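Work through the exercises below with the sequence and the model side by side. Try each task before you read its solution.

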Amino acid sequence: IHGHVYGLLSGLVGAGAEVGYVYEEDDTLYESFHDIYPTAMRVDSIESLLAIKDISMVVNCLRPDVRAEVTIRALEGGISVFSDKPGFLEEEDGEQILCASKRTGAHFFIYFSEHLHLEEMILAKRIVDSGRLGEIFRIESFGPHRINESSRPDWFFDSNINGDILIDLGCHLIEEFMW
């Protein structure tokens, strides 16, 4: 379970969703999650989770290198997916996700926390949209990000698993600029 799952789920629960199930192999991470969402039943595999009939959405905060595969499987089963960023690492995975979503009608969303939960970003968007700043022709970002090396799993620093800095942090900036 990646820490972003808590912001993602708090928004969904605030909108009326229920957290019914959780898949987590690590007992310590599961216990922390269970403390916050005690009614969520633990499942022993992704296969078990995707086989549950009453699920309409999966929150996918798995390691970045396996997110796309699980997302595609969920979409193919008609289950919508709300994924942590990055939603996928390879362009081909993005294309498969798009095709699966179109084919089944299940939706795919990527969670960009800055867009949804940072008041300063929401205020900046309102100011830009109001026209008070005139025409925007250049945007720069100097957002800090702490490495927090001691709290990150080893795989975080493996670009084959995490996609490297351009994917991990660059996708935030690109999404903000496009927004």
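Contact means heavy atoms within 4.5 Å. This is a predicted model, in which local features need pLDDT of at least 70 and side-chain atom pairs count only at pLDDT 80 or more, while totals for chains, interfaces and linings use all residues. Residues are numbered from 1 along each chain as its sequence is written, and side-chain values use heavy atoms, with hydrogens and water left out.

**Exercise 1. Find what Val-58 is in contact with, leaving aside its neighbours within four places in sequence.**

Solution. Step 1: set the sequence neighbours aside. The contacts of Val-58 are then Leu-49, Leu-50, Ile-79, Ser-80, Val-81 and Phe-82.

Step 2: look along strand 3. Helices (H or I, at least four residues) and strands (E, at least two) are DSSP runs, numbered from the N terminus. Buried means under 20% relative accessible area, exposed means over 50%, and partly exposed lies in between (1.4 Å probe, protein chains only). The side chains of strand 3 alternate. Val-58 and Asn-60 point to one face and are buried. Met-57 and Val-59 point to the other and are not buried.

Step 3: place Val-58 in a core. A nonpolar core is a set of buried Ala, Val, Leu, Ile, Met, Phe, Trp, Tyr and Cys residues joined through side-chain atoms within 4.5 Å. The largest one has 18 residues, and Val-58 is among those that touch the most other members, together with Leu-49, Leu-50, Ile-55, Leu-75 and Ile-79. Helix 3, helix 4 and helix 5 each supply at least two residues of this core. Helix 4 gives the most, with 5 residues. There is also a second, separate core of 13 residues, including Leu-9, Val-22, Phe-33 and Ala-40.

**Exercise 2. Which strands does strand 4 pair with, and in what sense?**

Solution. Step 1: apply the rule. Two strands pair if DSSP finds at least two bridges between them.

Step 2: take strand 3. It runs parallel to strand 4, and 4 bridges join them. Val-58 stands opposite Val-81. Asn-60 has Ser-83 as its bridge partner.

Step 3: take strand 5. Strand 4 pairs with strand 5 over 4 bridges, also in the parallel sense. Here Phe-82 stands opposite Phe-109.

Step 4: follow the connections. A crossover is right-handed if, with the strands pointing away from the viewer, the path from the first strand over the helix to the second runs clockwise. Strand 4, helix 5 and strand 5 make a right-handed β-α-β unit. The crossover from strand 3 through helix 4 to strand 4 is right-handed too.

**Exercise 3. Why is strand 4 described as largely enclosed by the rest of the structure?**

Solution. Step 1: check its residues. Ser-80, Phe-82 and Asp-84 point one way, Val-81 and Ser-83 the other.

Step 2: conclude. Strand 4 is largely enclosed because 5 of its 5 residues are buried.

**Exercise 4. Describe helix 4 and the surroundings of Arg-67.**

Solution. Step 1: take the length. Helix 4 covers residues 64-76, 13 residues in total. From first C-alpha to last it reaches 19 Å, close to the expected 18 Å (1.5 Å times one less than the number of residues).

Step 2: look at its cover. The buried residues of helix 4 include Pro-64, Arg-67 and Leu-75. Among the elements covering the buried residues are helix 3, strand 4 and helix 8. Just after the helix, Gly-78 takes a positive phi of about 80 degrees.

Step 3: focus on Arg-67. Its relative accessibility is 1%, so Arg-67 counts as buried. A polar atom of its side chain lies 2.8 Å from the backbone oxygen of Lys-85.

**Exercise 5. Asn-162, Ile-167 and Lys-53: which is buried, partly exposed or exposed?**

Solution. Step 1: Asn-162, in helix 8, has a relative accessible area of 4% and is therefore buried. Its side chain reaches the backbone oxygen of Phe-156 at 3.2 Å.

Step 2: Ile-167, in helix 9, is partly exposed because its relative accessible area is 25%. Leaving aside neighbours within four places in sequence, Ile-167 is in contact with Pro-86, Leu-89 and Asn-162.

Step 3: Lys-53 sits in the loop between helix 3 and strand 3. At 80% relative accessibility, Lys-53 counts as exposed.

Key:
Polar contact = N/O pair within 3.5 Å; in protein donor to acceptor, adjacent residues only side chain to side chain.
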